[in-house]
Every structure is written in C-alpha cells, then in structure tokens.
Amino acid sequence: MIRQSAEEFFQGRESFNQRDLIRWNNKLLHKILLDMDLTDEEESIFEDYKGASTLMSTLPRWLVSSLRWVFGLRGARNTKDVLLDQYQEAMDRDTRGIIPPLEGRDKRFVADLLLTALTSAGGLSVPSVMGIAFGVLHGAVNKHDDTVVFPDWQNFELTNGNIEQWVLECVRRFPVVVGF
C-alpha cells in the first residue's frame, strides 16, 4: 500500500522537496489510520494546524491562552474541532474494523489521540527521517567540516533487503526526536 501510494503521488512530479514528502506523508497516514483521502486543500489546512499544535503543546497553557493572537493561534482551536469532527465521521464510515465502533467521549478521545499522533509522532518524524535518508543516500555533506556523510554513496544500491537497515541506521545516526 505504501509503495503504491508513493508511486502514485510522485508520478510525473517535477519537484522533490521536504514539502512534497510532508504532503505525501500526511495523506498516507490519514488513509492508513482513518481511510480518509485528503485533497491538497485539506492537507494544507491540516499542515497549518500541525504547526500551530506543535507550538501550543510546547508552550505553557496560560501563555498560549493569554497571548494566542501573538502566536497566530486564534483559529487553531476551531480547526482542531473541525478536524476532530471529520475524524469521528471517518471512524463511523470506516468498515475495515481497525478502530472498533465507539460513541460519545470515547469516540472523541480516540479521534483526539489520532490527531495528536498525526500532528506529532508520525506527522513530524516520518518526513524528517525520509528527508535525512534521501539526503544521506545522495551524497550529503557535513556542514561543519565538509566531509561526505556517506562516502562512496554512488556505489550503494538500495534494495528491498537492505532498506529497513538503511532507515534504522539513518535514525540511529541522525535521531529526529531527541530535542522533542
């Protein structure tokens, strides 16, 4: 499913940047978790909210509440409510049986849990790791001493047999969640 999604998303694409990786990841995770097919516009709204939610979760609540206009967070609460409503509707429509039928507070709690996962864990780390892995794979240079991070990268062949090792080594060497 992931390979097919990547092939479809990147087919004919003329750019390949971090925003492309983020957009594809956001759409794929929504499809996997909630069987939702996000439009580009819906994905942009979600991505904007993701930035605000990260800020809201790292600052003290009293600061966010009293100075939300300074941080541009005025609409974030409304967007969160809209997203939670959409997630609950998607949970009702989803017949795959991944999420059991829920009602009331339990349904909203699971929707909120999924929103948190999509805006933090998988929503931030996965595209970051992808960018790191692609960068290292294609001759990234260390900014501090101009050494090549992965010498002889031109002779490395990424295969189905070594891709998991490759990604895990990139995460070990360049951990993305240390500061969080």
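In this predicted model, the axes of α7 and α8 come within 10 Å and cross at roughly 100°. With that angle, α7 counts as roughly perpendicular to α8. On the α7 side, the contact is made by Val129, Ile132, Ala133, Val136 and Leu137, and these meet Trp166, Val167, Cys170 and Val171 of α8. Sorted by class, the contact of α7 with α8 comes out as nine nonpolar residues, with no polar and no charged ones.

Helix α7 (residues 121-137) also packs with helix α2 (residues 18-34), this time at an angle of about 135° and with the axes 9 Å apart. That puts α2 oblique to α7, and the crossing of the two is right-handed. From α2, the contact takes in Gln18, Leu21, Ile22, Trp24, Asn25 and Leu29. Its α7 half is made by Gly122, Gly123, Val126, Pro127, Ser128, Met130, Gly131 and Phe134. The class split here is eight nonpolar, six polar and no charged residues.

The same two helices turn up again around the largest pocket, where α2 and α7, along with α1 (2-10) and α8 (163-173), are the elements that give two or more residues to the lining. The volume of this pocket is about 840 Å³. It is lined by 25 residues, and those closest to its centre are Ile2, Trp24, Met130, Phe134 and Ile163. Three of these names are familiar from the helix packing: Trp24 sits in the α2 part of the contact with α7, while Met130 and Phe134 sit in the α7 part. Helix α7 supplies the largest share of the lining, at six residues. As for chemistry, the lining divides into 19 nonpolar, three polar and three charged residues.

Elsewhere in the chain, helix α5 (residues 76-93) and helix α6 (residues 104-119) pack at about 115°, with their axes 9 Å apart. This makes α5 roughly perpendicular to α6, and α5 passes α6 in a right-handed crossing. On the α5 side, the residues involved are Lys80, Asp81, Leu83, Leu84, Asp85, Tyr87, Gln88, Met91 and Asp92. Facing them in α6 are Lys107, Arg108, Val110, Ala111, Asp112, Leu114, Leu115 and Leu118. The contact of α5 with α6 holds nine nonpolar residues, one polar residue and seven charged ones. Charged residues, then, are part of the α5 and α6 contact, whereas the contact of α7 with α8 has none, and neither does that of α2 with α7.

Notes. Residues are numbered from 1 along each chain as its sequence is written. This is a predicted model: local features need pLDDT of at least 70, side-chain atom pairs count only at pLDDT 80 or more; totals for chains, interfaces and linings use all residues. Side-chain values use heavy atoms; hydrogens and water are left out. Axes are lines fitted to C-alpha atoms, for helices over the stretch in contact, and angles run from 0 to 180 degrees between N-to-C directions. Helices (H or I, at least four residues) and strands (E, at least two) are DSSP runs, numbered from the N terminus. Angles under 35 degrees count as roughly parallel, over 145 as roughly antiparallel, 65 to 115 as roughly perpendicular and the rest as oblique. A crossing is left-handed if the near helix is turned anticlockwise from the far one by less than a right angle, and right-handed if clockwise. Contact means heavy atoms within 4.5 Å. Ala, Val, Leu, Ile, Met, Phe, Trp, Tyr, Cys and Pro count as nonpolar, Asp, Glu, Lys and Arg as charged, and the others, Gly among them, as polar. On a 1 Å grid over the protein atoms alone, a cavity is a set of points where a 1.4 Å probe fits but cannot get out, and a pocket is an open set with protein on both sides within 12 Å along at least five of seven lines; lining residues have an atom within 4 Å of a point. Grid points are joined across faces, edges and corners, and a volume is the space filled by probe spheres set on the points.
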